[in-house]
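The report below goes through a single model, beginning with its domains and ending with one residue of interest. Please read it alongside the sequence and the coordinates.

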Amino acid sequence: MDEKKLRFAVVGVGGIGAGHVGAVIASPYAELAAVCDILGDRALDKYEERGFVPIRHIPMFTDYYELLDSGLADAVIISSPDATHCPYTVAALRRGIDVMCEKPLTVTDEESALIMETVRKTGRKAFAGQICRFDAAFIKAKELLDSGAAGEVFCIESMYRHGCHKDLPKDDWRFFPPRHATACGGCHAIDIVRFLLGSDPDRVFAFGNRKCRTDWSVEDCSETVMHFPDDTIGRVFTTLGVIADYSMETVIYGTKGSIFTNYVADSVKLRTESGTEVFPVKGVTHNAVGEVDAMCRAILYGEPASHEIIEGAKTLLVCNAAIRSMKSGMPEKPEYELLG
Ligand SMILES: NC(=O)c1ccc[n+]([C@@H]2O[C@H](COP(=O)([O-])OP(=O)(O)OC[C@H]3O[C@@H](n4cnc5c(N)ncnc54)[C@H](O)[C@@H]3O)[C@@H](O)[C@H]2O)c1
């Protein structure tokens, strides 16, 4: 057990926030110092209905800025709606508080630029909730890819297939601003392609349509093609309205073999001319503990973390370039220069 523990506040104790609460409680590097949710006790009622460990004894704030000024938190995990991500991240950093902010990091590229500028000015540590980077199957796939087992990679395809967001009330936060499938769910698959390749696409082309979630005002399905500087191609299919099991099936195609994997898969397969090798892995759904532990080790001991906030910012730029491409009908460039 480590002696030094970071005092965390979790902001937004909803769907994913409850998982962050559990991760902070489970982490040997962290302690839960406060929670914040505009619904206050009503958020805790819902949290408890889902069977999570009771946290009524933990200070609860309904006003985020009062939480920041309370001095209770060394770090915050922002798991409130997308539109809060930029103002909440910037406010915490400016008060000397480290941050992990959920994906999509922001709504606009300009907001990502403001966050990166604030990180530079304050010197604080900040991370993005790109949780798939902590999935055992994707880590194993990257290890195989980096070892050269598949030869030179020429294409990676990934999908984000989720039949979520059904029957949302008309005033749900997901409609304000309307969440584009490519940014809100597709960002996981786009981020995994970037993570696996360790590189940033220079051009992005995408098509989209909206046939399943007709109550939305934006596309619920998209196909995004990315060109990387070494000519590797990335393909990401995203659908949020589909009637099918959740999947993030991902295939890495190399000159010597192909690597097959999926989110929370129990194995990764490498197919070469000699046959198929199977590598068992131990997957857990949403490895929030791995994500919090990595954040803490980066803050406390200066260890590298794969979810530095710049990664969330770049992934969002790629998503937004894809969304622009759907409108322009032309390839678009992610505006990395905005990030400084
Ligand atoms: N990493 C992942 O896999 C993953 C999965 C789901 C959601 N998310 C992200 O987490 C965020 C929340 O999504 P969710 O599905 O948990 O939503 P949710 O609606 O289930 O929970 C959001 C919570 O935030 C609270 N809230 C709303 N406005 C607030 C404010 N201004 N200040 C403080 N609290 C506020 C709500 O009362 C609610 O309890 C989104 O940005 C989403 O993209 C990430």
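## Domains and their contact

In this predicted model, the C-alpha centres of domain 1 and domain 2 are separated by 25 Å. Both domains are assembled from two segments of the protein chain, with domain 1 covering 6-132 + 288-307 and domain 2 covering 133-285 + 317-339.

Where the two domains meet, 18 residues of domain 1 are in contact with 23 residues of domain 2. On the domain 1 side, the elements that supply two or more residues are helix H4 (82-94), helix H5 (109-122) and helix H9 (288-301), and of these H5 gives the most, with four residues. Sorted by class, that side of domain 1 holds nine nonpolar, five polar and four charged residues.

## Overall form

The secondary structure of the protein chain amounts to 10 helices and 14 strands. The radius of gyration is 20 Å, close to the 20 Å expected from the globule rule for 340 residues, so the chain is as compact as a globular protein of that length. Measured out along the principal axes, the C-alpha trace spans about 60 × 45 × 40 Å.

Of the 340 residues in the protein chain, 49% are buried. Among contacts with a separation of 6 or more, 72% join residues that are 24 or more positions apart.

## The nonpolar core

The largest nonpolar core contains 98 residues, and Phe 8, Ala 9, Val 76 and Val 99 are those with the most contacts inside it. Helix H10 (residues 309-328) provides the largest share of this core, with 10 residues, and the core takes at least three residues from each of domain 1 and domain 2.

Val 99 illustrates how one of these well-connected core residues is surrounded: leaving aside residues up to four places away in sequence, Val 99 touches Ala 75, Val 76, Ile 78, Thr 89, Ala 92, Leu 93 and Ala 126.

## Helix H4

Three of the residues touched by Val 99, namely Thr 89, Ala 92 and Leu 93, are also among the buried residues of H4, which include Asp 82, His 85, Cys 86 and Tyr 88 as well. The buried residues of H4 pack against strand S1 (6-11), helix H3 (64-69), strand S4 (75-78), strand S5 (98-102), H5 and strand S6 (126-129). After the helix comes Gly 96, whose phi is positive, near 80°.

## The ligand shell

Which residues are closest to the ligand? Of the 24 residues that surround the ligand, the closest are Gly 12, Gly 14, Gly 15, Ser 80 and Glu 102. By class, the shell is made up of 11 nonpolar, nine polar and four charged residues.

## Ala 321 in helix H10

Ala 321 lies in helix H10, the element that gives the largest share of the nonpolar core. Why is Ala 321 counted as buried? A residue qualifies when 20 or more other C-beta atoms lie within 10 Å of its own, and Ala 321, with 26 C-beta neighbours inside 10 Å, therefore counts as buried.

When residues up to four places away in sequence are set aside, Ala 321 touches Val 204, Glu 332, Lys 333 and Pro 334. For the pair Ala 321 and Lys 333, a sequence separation of 12 residues goes with a C-alpha to C-alpha distance of 6.1 Å.

Terms used: Residues numbered from 1 in each chain as written. Predicted model: local features only at pLDDT ≥ 70, side-chain atom pairs only at ≥ 80, totals over all residues. Core = buried A, V, L, I, M, F, W, Y, C linked by C-beta atoms within 7 Å. Buried ≥ 20, exposed ≤ 12 C-beta atoms within 10 Å, placed from the backbone. Domains from an automatic or database assignment. Contact = placed C-beta atoms within 7 Å. Near = placed C-beta within 6 Å. Nonpolar A, V, L, I, M, F, W, Y, C, P; charged D, E, K, R; others polar. Rg over C-alpha atoms; globule rule 2.2 N^0.38 Å.
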